[in-house]
Each structure stands twice: as C-alpha cells, then as structure tokens.
Amino acid sequence: SLTGRYKVTGSLLDYEQLLNTSKLPVLFISLDGDSYVTPNCSHYLASKLKSAQVDKVTLAPDEVGLNKPCHFRWVNHPEKIVEHIYSWQERTFD
C-alpha cells in the first residue's frame, strides 16, 4: 500500500499484470471521509483493473451506522454494506 504496486515477497506471480488482465466484475465500496482509503487510493486501484467491469459506491458514515468515518468500525453494522453487495451481485450476475 505504500508503493502503489502489488508484489508479494516470495511469490512468482505478477500481481500487477493479473490486475490489468482480470475480467472479473469488481465492486468498490468506499466510506466517505475514510482516511485509510481515500478517493484517490480507490481510484488508483480501480485504474489497475483495465479489463474488469468496475462499479463504485461511496457511502456516508451514517449510512453504515457510524457517527464519523472509521475504516474498521463499519463491521459492527455490516447490514448496509451487505445490502449493496447483494444488490450489485444480483445486477451483475443475473
């Protein structure tokens, strides 16, 4: 995450190339105000998925049961995230 390149120590796989050629549909769910994954970070990762269908959703903290943005605490109230995933999955794979 610090370099912007995906390389796993000891792995022979070229993750950058795999991202570039992946044709799997991808859903990005971002939390507005998340200081760990900013919009620029999310857009940068999405830009590596050149062959994939990429859909993006940005949710406000109150939409996931939070008073303020927190990268990790949404898991205490996952219902809204799960709803978005199910809805996307139905539109994408049905």
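**Reading the structure**

User: Where does Tyr36 lie in the chain?
Analyst: Helices (H or I, at least four residues) and strands (E, at least two) are DSSP runs, numbered from the N terminus. By that scheme, Tyr36 sits in the loop between S1 and H2.

User: Which helix has the highest confidence?
Analyst: This is a predicted model: local features need pLDDT (the predictor's confidence in each residue, from 0 to 100) of at least 70, side-chain atom pairs count only at pLDDT 80 or more, and totals for chains, interfaces and linings use all residues. Residues are numbered from 1 along each chain as its sequence is written, and side-chain values use heavy atoms, with hydrogens and water left out. The chain averages 92, and 98% of the residues score at least 70. Confidence is lowest in helix H2 (residues 39–47), at a mean of 91, and highest, at 95, in helix H1 (residues 15–21).

User: Which residue of S2 is the bridge partner of Phe28?
Analyst: Two strands pair if DSSP finds at least two bridges between them. Strand S1 (residues 26–31) and strand S2 (residues 54–59) have six bridges, in the parallel sense. The bridge partner of Phe28 in S2 is Lys56.

User: Is Tyr36 buried or exposed?
Analyst: Buried means under 20% relative accessible area, exposed over 50%, and partly exposed in between (1.4 Å probe, protein chains only). Tyr36 has a relative accessible area of 58%, so the residue is exposed.

User: How many salt bridges does the structure hold?
Analyst: A salt bridge puts a side-chain nitrogen of Lys or Arg within 4 Å of a carboxyl oxygen of Asp or Glu. Glu83 and Lys80 form one, with the closest N and O atoms 3.8 Å apart. Both lie in helix H3 (residues 79–93), three residues apart, about one turn of the helix. The total number of salt bridges is three.

User: What is the closest distance between N and O atoms in the salt bridge of Glu16 with Arg5?
Analyst: Glu16 is buried, at 13%. Arg5 counts as exposed, at 53%. For this salt bridge, the closest N and O atoms are apart by 4.0 Å. The pair links distant parts of the chain, Glu16 in helix H1 and Arg5 in the segment before H1; once again, the closest distance is 4.0 Å.

User: Which residue meets Glu16 in a salt bridge of 2.5 Å?
Analyst: The partner lies in the loop between H2 and S2, 32 residues from Glu16. Its relative accessible area is 9%, so the partner is buried. The residue is Lys48.
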